[in-house]
Amino acid sequence: NVVLADRRIIVRSIVDDLFDGQVLSELLDELAGVQIEHQPHVGLSTQMQRLKLKAVLVEVARILRVGNPKWTVAAIHRKDPVAIFHLVIALARHFRCPIPLPHNVTLRVIEVRKELNGKIVHRDFLEELTAEEVIPDEDGEWPSTEPDVFDTLFEAAPDKLQVVKMSLVNFCNRHLGNFGLTVSDLAEDFHDGVSLLLMVSILGGFFVPLCEYSLAPVGNDSKLKNMRLAFRLMREEGVPKTKARSEQVVNKELKS
């Protein structure tokens, strides 16, 4: 609203006011001087709304240089709040929003869909909007969102993925085996934070008191607490930052 004040545009709902691309195009023009082909502000058909929104998001991708954005034309146009939040947060960070965004903001998302056989399927997961681990460096720059070696592995060399997975499993078992523990599935066995905490403590040569974490976490909240502790300990041990986020590991995202 501060950026759009001179244009006499007031956003009252992030979801309802941004989904069709009209306000987003005005915002992009004000922030970056990028003008999208003019369209009337009222009466756009659904098809024209999608075309307008697509043009806006093409320019956003060019400016932000995001490798794998967490938003799509379809998601934003159907008023998916998670996709819209991710987009606006990315714009706020890139253009140095003067109001600090709070760290560690997470949404609990419940998806419900009906399959072809009529069965109702539920999916419950955590979606990270802002993370404790993502902070600007000394120059105020945010970590790169450019594709890394694991993006390349998943997208360009999936045939080598199994080899890498087995190497990592063997590495973990070599250290966890001393405690009678084994890992067979990276995404499944690390998602509650317990194995990761043990790995960090073993490699760091220290003991994490049992009162500091849950050895048998139940529910995403306790798993996330474990994971954030593991990430904090890794930072304290000088482990280089990665693109992986606590919530992504809890959600069993193999790449993270």
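Helices here are DSSP runs of H or I with at least four residues, strands are runs of E with at least two, and both are numbered from the N terminus. The model is predicted.

**Exercise 1. Overall layout**

Task: State how many helices and strands the protein has, and in which pattern they follow along the sequence.

Solution:
- Count the elements: the protein has 11 helices and two strands.
- Read them along the sequence to obtain α-α-α-α-α-β-β-α-α-α-α-α-α.
- For burial, 38% of the 256 residues count as buried.
- For contacts between residues at least 6 apart in sequence, 54% join residues at least 24 apart.

**Exercise 2. The strand pair**

Task: Determine how strands β1 and β2 run and how many bridges join them.

Solution:
- Locate the strands: β1 covers residues 105–114 and β2 covers residues 120–130.
- The two strands run antiparallel and are joined by 10 bridges.
- Take one bridge as an example: V109 has F125 in β2 as its partner.
- Look at the connection: five residues lie between the strands, which form a hairpin.
- Within this turn, G118 has a positive phi of about 90°.

**Exercise 3. Cover over helix α2**

Task: Find which residues of α2 are buried and what covers them.

Solution:
- Helix α2 spans residues 22–32, and eight of its 11 residues are buried, so the helix is mostly covered.
- The buried residues are Q22, V23, L24, S25, E26, L27, L28 and D29.
- Their cover includes α1 (14–18), α3 (46–64) and α5 (81–94).
- After α2 comes G33, with a positive phi near 70°.

**Exercise 4. Packing of α7 and α9**

Task: Classify the packing of α7 against α9 from their angle, and describe the contact.

Solution:
- Helix α7 (residues 161–176) and helix α9 (residues 194–204) pack at about 70°, with axes 10 Å apart.
- Angles of 65 to 115 degrees count as roughly perpendicular.
- The two helices are therefore roughly perpendicular to each other.
- Their crossing is left-handed.
- On the α7 side the contact is made by F171, C172, H175 and L176; on the α9 side by S195, L198, M199, I202 and L203.
- By type, seven of these contact residues are nonpolar, two are polar and none is charged.

**Exercise 5. S195**

Task: Decide whether S195 is buried or exposed, and list its contacts beyond its sequence neighbours.

Solution:
- S195 lies in helix α9.
- Buried means under 20% relative accessible area.
- The relative accessible area of S195 is 14%, so S195 is buried.
- Setting aside neighbours within four places in sequence, S195 is in contact with L176, D189 and F190.
- L176 also appears among the α7 residues that meet α9.

Conventions: Residues numbered from 1 in each chain as written. Predicted model: local features only at pLDDT ≥ 70, side-chain atom pairs only at ≥ 80, totals over all residues. Heavy atoms only, no water. Axes fitted to C-alpha atoms, helices over the stretch in contact; angles between N-to-C directions. Parallel < 35°, antiparallel > 145°, perpendicular 65-115°, else oblique. Left-handed = near helix turned anticlockwise from the far one by under 90°. Contact = heavy atoms within 4.5 Å. Nonpolar A, V, L, I, M, F, W, Y, C, P; charged D, E, K, R; others polar. Buried < 20%, exposed > 50% of the residue type's maximum accessible area, 1.4 Å probe, protein only. Pairing = 2+ DSSP bridges.
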